[in-house]
Amino acid sequence: MAHYLVIVESPAKVKTIKKFLGKNYTVAASNGHVRDLPKSQLGIDVEHDYEPKYITIRGKGDILANLRKEAKKADKVYLATDPDREGEAISWHLATALKLDDKKMRRISFNEITKKAVKDSLKQAREIDMDLVDAQQARRILDRVVGYRISPVLWAKVKRGLSAGRVQSVALRIIADREEEIDAFIPEEYWTLDAVFKVKGEKRPLTAKFYGTDQKKMTIHSKEELDEILKEVENANYQVTDVKKGERTKKAPVPFTTSTLQQEASKALNFSTQKTMRIAQQLYEGVDVKGSGTIGVITYLRTDSTRISDEADAQARAYVAEEYGEEFVAGAPAVKKDTKNVQDAHEAIRPTDITRTPAMLKDSLSRDQFRLYQLIWKRFTASRMKPAVYETTSVKISAGKYLFTVAASRVKFEGFRSVYKEADEEKEENNVLVKGLDQSAVLTKEEFDPKQHFTQPPAHYTEASLVKTLEELGIGRPSTYAPTISTIIARHYVTKEARNLYMTEIGEVVNHIMKQSFPSIVDVNFTANMEGLLDMVAEGKVEWKEIIRNFYPDLDEAVQIAEKELESVKIEDEVTDVVCEECGRNMVIKYGPHGKFLACPGFPECRNTKPYLEKIGVACPNCGKDVVIRKTKKGRKYYGCENNPECEFMSWQKPSAEKCPKCGGYMLCKGNKIVCANAECGYQKTAEN
């Protein structure tokens with residue numbers, strides 16, 4: 001009887017797939033990649049057309065020996081690695097390392113680990129797709145040459161242990177650019193004005209918002225403008241001039257892609273991108289479900305497509321019809337116009353069986369597994385449902401030459417919202433209109449409620465918003481978002497506080513060097529175009545080495561120039577006037593993962609270190625002592641008093657030595673402006689060069 005060997009990537013899949021296939025099949029795992037470029041050297045022969053030098057990964061010898069033994073016994077070997085470029089490359093490396101001939105070896109892939117999907121994949125066995133393999137090789141070699149050629153420059157100029165990366169350095173720049181926007185932001189004053197009216201015959205008052213005039217909407221910029229408007233409307237004749245009723249719909253969401261799952265899990269569940277991917281991997285590879293054994297409960301987790309198979313679509317519609325009613329079933333499949341560079345090889349992320357509800361799996365999943373599965377299940381179910389319908393009413397109220405407006409809505413048909421609401425879904429308008437409101441209504445003003453506001457700077461990036469930005473810009477792929485963010489946090493280039501990502505001093509130094517010496521590497525458009533070229537390799541339209549041939553010489557030249565020109569900006573150990581209390585030497589400034597610190601130059605004989613407090617030449621507004629640059633525990637820079645903790649002064653923006661001429665308070669440096677720290681004062685001036 002014929003005997004078959006199926007090789008998967010993860011040991012977690014072995015038991016599940018073996019159960020599906022029966023006794024004629026042996027299922028074994030490669031534990032990911034078995035061959036890669038060597039860690040000890042560049043591993044690319046730049047003198048001979050950039051030929052990669054692959055070696056067996058340390059520790060994989062025994063795994064390969066066992067796979068060779070099983071392969072010799074098998075009549076056919078099926079390579080069942082993950083259904084993406086990386087998986088295709090792992091299959092190719094396995095075929096090479098195991099010396100499998102084309103007759104004996106076949107490639108299979110499946111988007112979900114279910115009995116039907118695995119068995120169907122055997123019927124559609126194929127050859128290895130070398131275009132996908134070459135796209136992976138190109139990406140791997142690009143990442144290797146960027147990391148291995150630029151990182152030593154950072155080690156020499158800043159400190160060892162730093163790194164550059166084709167995607168991570170762009171992500172760092174995006175965060176740095178946002179930080180610069182925030183630091184340079186000048187708040188602007190504006191006012192809102194609400195009017196509370198009593199409607200004759202009604203108990204409930206009506207609150208309306210200032211709109212402007214019939215001709216245009218207005219923004220109230222100052223207290224003076226507000227007072228002028230109040231003078232006009234205070235004793236005006238208030239009249240309902242227009243009442244419009246209408247309807248609006250809110251479309252059902254599309255199923256999750258890797259990016260949107262990471263974003264929503266961050267907002268709804270407070271999961272990091274790395275945690276989301278780890279738990280999704282567990283749900284994909286298989287969980288032990290009571291009464292059913294080990295099964296994969298979601299489809300493949302690395303995808304940027306919103307496509308759903310016809311079979312899954314039909315099953316979902318049938319489920320919605322049965323559980324919620326025919327009137328809830330979507331009229332046509334919810335289709336999103338996918339963003340550029342979409343790889344549509346497999347489906348969106350969805351449950352493998354929609355009838356397997358979160359409630360049914362709750363006892364079989366950990367708390368975090370359950371929460372993520374529930375999010376995926378609800379989103380997919382909602383995507384097959386009709387839009388929500390709202391009944392809307394808008395009212396215009398005249399007050400002299402000005403208008404106030406009231407907008408209200410109520411849900412007429414829940415549609416998909418009976419199953420799913422996004423974490424940051426806007427709050428529905430809760431202004432309830434009085435029943436008999438029309439143009440004959442008699443209005444009496446009860447009060448005006450003016451409020452002062454100031455415009456807010458752009459928000460700091462979170463993991464969710466950074467993933468969204470990377471995807472929109474076409475940078476990276478579903479598999480790279482989580483490791484990219486993890487790397488820049490692990491390198492202490494950015495720190496994460498209360499979900500927000502902040503640049504550290506070491507991150508600022510690295511970003512400055514990258515922008516100065518390797519501008520193309522951190523250029524958003526250049527990186528996005530490179531992703532497009534990799535897609536063209538995967539489609540068989542571009543030869544993979546051609547990308548390397550065009551890229552490497554420019555990189556090599558930039559590295560050589562940086563090694564020479566950055567010599568003058570190398571951060572030397574700066575001697576300070578702080579005396580080491582252990583040995584009496586003057587301490588020097590060193591750079592660590594969190595930025596500067598003081599160290600004794602007598603190392604290793606003397607190992608004394610202490611925090612470095614850099615004075616900025618500004619007196620503390622509270623106590624008069626020096627303001628110094630400090631760091632939070634996670635490495636974010638701020639300005640505080642050297643007399644801390646006795647003096648609690650701190651500021652995220654750099655204080656100015658100038659006093660505010662208007663209120664006498666202290667001032668802050670923001671871009672090319674100096675502004676009063678007291679937002680209510682509002683004084684600002686252009687900084688002198």
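Four exercises on a predicted model follow, each with a worked solution.

**Exercise 1. Helix packing**

Task: Determine how the axes of α1 and α4 are oriented to each other, and which residues make the contact.

Solution:
- Locate the elements. Helix α1 covers residues 11-21, and helix α4 covers residues 115-123.
- Take the geometry. The two helices pack at an angle of about 70°, and their axes lie 9 Å apart.
- Classify the angle. Values of 65 to 115 degrees count as roughly perpendicular. Helices α1 and α4 are therefore roughly perpendicular to each other.
- List the contact residues. From α1 come I17, F20 and L21. From α4 come K115, V118, K119 and L122.
- Sort them by character. The contact of α1 with α4 has 5 nonpolar residues, no polar ones and 2 charged ones.

**Exercise 2. An annotated tyrosine**

Task: Place Y300 in the fold, decide whether Y300 is buried or exposed, and find its contacts.

Solution:
- Start from the record. An unreviewed UniProt entry lists Y300 under "active site".
- Find the element. Y300 sits in the loop that runs between β13 (293-295) and α10 (310-323).
- Check accessibility. The cut-off for buried is under 20% relative accessible area. Y300 has 1% relative accessibility, so Y300 counts as buried.
- Collect the contacts, leaving aside neighbours within four places in sequence. Y300 is in contact with D82, P83, D84, N111, Y284, H346 and I349.
- Look for polar pairing. The side chains of Y300 and D82 make a polar contact at 3.3 Å.

**Exercise 3. A leucine in α11**

Task: Describe the surroundings of L361, and give its C-alpha distance to D288.

Solution:
- Find the element. L361 belongs to helix α11, residues 358-361.
- Check accessibility. L361 has a relative accessible area of 1%, so L361 is buried.
- List the contacts, not counting residues up to four places away in sequence. L361 touches V289, V297, R356 and Y373.
- Set sequence against space. L361 and D288 are 73 residues apart in sequence. Their C-alpha atoms are 9.7 Å apart.

**Exercise 4. An alanine in α2**

Task: Classify the accessibility of A65, and state how far its C-alpha atom is from that of V153.

Solution:
- Find the element. A65 is in helix α2, which spans residues 61-73.
- Check accessibility. Exposed requires over 50%, and buried requires under 20%. A65 is at 42% relative accessibility and therefore counts as partly exposed.
- Take the distance. A65 and V153 are 88 residues apart along the chain. Their C-alpha atoms are separated by 40 Å.

Note on methods
Residues numbered from 1 in each chain as written. Predicted model: local features only at pLDDT ≥ 70, side-chain atom pairs only at ≥ 80, totals over all residues. Heavy atoms only, no water. Axes fitted to C-alpha atoms, helices over the stretch in contact; angles between N-to-C directions. Helix = DSSP H or I, 4+ residues; strand = E, 2+ residues; numbered from the N terminus. Parallel < 35°, antiparallel > 145°, perpendicular 65-115°, else oblique. Contact = heavy atoms within 4.5 Å. Nonpolar A, V, L, I, M, F, W, Y, C, P; charged D, E, K, R; others polar. UniProt positions renumbered as here; feature names shortened; annotations may be inferred. Buried < 20%, exposed > 50% of the residue type's maximum accessible area, 1.4 Å probe, protein only. Polar contact = N/O pair within 3.5 Å; in protein donor to acceptor, adjacent residues only side chain to side chain.
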